[in-house]
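Reader: I am new to this structure and would like to see how its descriptions are justified. Could you show me the model and then take my questions?

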Amino acid sequence: MSNRSYPFTRMRRMRADDFSRRLMRENTLSVDDLIYPVFILDGTQQREEVSSMPGVERLSIDLLVEQAESWVALGIPALALFPVVDSAHKSLLAEYAYDPEGLIQRATRALKARFPQLGIVTDVALDPYTTHGQDGIIDEKGYVINDITNEVLVKQALSHADAGADIVAPSDMMDGRIGDIRVALEDTGHHNVRIMSYAAKYASSFYGPFRDAVGTAGNLGSGNKYTYQMDPANSDEALHEVEMDLNEGADMVMVKPGMPYLDVIRRVKDNFGVPTFAYQVSGEYAMLQAAAANGWLDLDSVMIESLVAFKRAGANGILTYFAVRAAELLKNQ
Ligand SMILES: NCc1[nH]cc(CCC(=O)O)c1CC(=O)O
Ligand SMILES: [Mg+2]
């Protein structure tokens, strides 16, 4: 007989029964892994669907607080807040981003007042607040000016922290903003406000439906974010980005988008062993929803499979528009 291990080893033996499949399962998904991104409208009693994201609703603060009751009851640890900013509040210098009475600042205060134990993650980036939809302040040629943008991002992050945000999450990809924000938070006594850095954020076309949801698609027009977001062809560069953000004081790092970038998550986790998050972005959500709507995929099972895949790749948690549905499924399993 050859030196083959079969039939002494039969990989199928452990798969033969549910109990042994459970015993050898390497990764599990729980509600503790889920962060739910939400879109916030101004006004009261406002509720709007997002056509490219079936099942996602943009809500005014009062309705958001009402709905959050059930999300908290499901055990979802944290929400990530994204504003739908009225065009009257958009400007070249993005002043509304750090207005203490701005939409995110008010939403954060309302949610923390009602649910002190619910983690609130705020997005630090200027794209909802600029007339051109870029994530920073631009020069006469349209180039996003790094260091001037950082000054505004610091003001924005501090205003979020003052409003009660637990985690500020810079998603802009300027160089050096993590260090600038960390120093400012320390100087103002916000020692425990955590920074989740969108450290390896790619210039991705999978963000399309998000730009519809927050209403920046029109402002950005045919523009792109290639001069600050990463080239999808790179992954060594992602490690360099992550290393810099950790050195500047990031508590958590993120890879974004999610599913097409699982290899990057694995490299980040293996190299640094720090809390690593993935963002299953709007386009990934839209793809699965669209296929399910056509009867081509079973939504609940592909949703859970995709989320387990993030855990297998090394993610400690996932920002996902499926958070509520997944939490319901995990509760009933
Ligand atoms: N700072 C903007 C921001 N923050 C989160 C997303 C995308 C999230 C998603 O697609 O679900 C984007 C879009 C962009 O960079 O243009
Ligand atoms: Mg960077």
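Author: Happy to; what follows is a set of questions, each answered by setting a value against its definition. This is a predicted model, in which local features need pLDDT of at least 70 and side-chain atom pairs count only at pLDDT 80 or more, while totals for chains, interfaces and linings use all residues. Residues are numbered from 1 along each chain as its sequence is written, and chains are lettered from A and ligands numbered from 1 in the order in which they are written.

Reader: How do you know that the radius of gyration of the chain agrees with a compact globule?

Author: The radius is taken over C-alpha atoms, and the globule rule is 2.2 Å times the number of residues to the power 0.38. For 333 residues that gives a value near 20 Å, and the chain has 21 Å, so the two agree.

Reader: What makes G133 count as buried or exposed?

Author: A residue is buried if 20 or more other C-beta atoms, placed from the backbone, lie within 10 Å of its own, exposed if 12 or fewer, and partly exposed in between. G133 has 21 such atoms within 10 Å, so G133 is buried. By that rule, 44% of the 333 residues of the chain count as buried.

Reader: Which residues does G133 touch, leaving out those up to four places away in sequence?

Author: They are D127, T216, N219, L220 and G223; contact means that the C-beta atoms, placed from the backbone, lie within 7 Å.

Reader: Why does the span of helix α8 agree with its number of residues?

Author: Helices are DSSP runs of H or I with at least four residues, strands are runs of E with at least two, and both are numbered from the N terminus. The expected span is 1.5 Å times one less than the number of residues. The 12 residues of α8 (residues 236-247) should therefore span 16 Å, and the end C-alpha atoms are 17 Å apart, which agrees.

Reader: Which residues of α8 are buried, and why are they said to line one face?

Author: The buried ones are A238, E241, V242 and D245. They fall within an arc of 95° seen down the axis, so they line one face of the helix; the arc is that of the directions from the helix axis to the C-beta atoms. The face turned away from this buried side carries the exposed residues D236, H240 and N247.

Reader: What covers the buried residues of α8?

Author: The cover includes α5 (177-187), β7 (194-201), β8 (252-256) and α9 (262-272).

Terms used:
Two residues are in contact if their C-beta atoms, placed from the backbone, lie within 7 Å.
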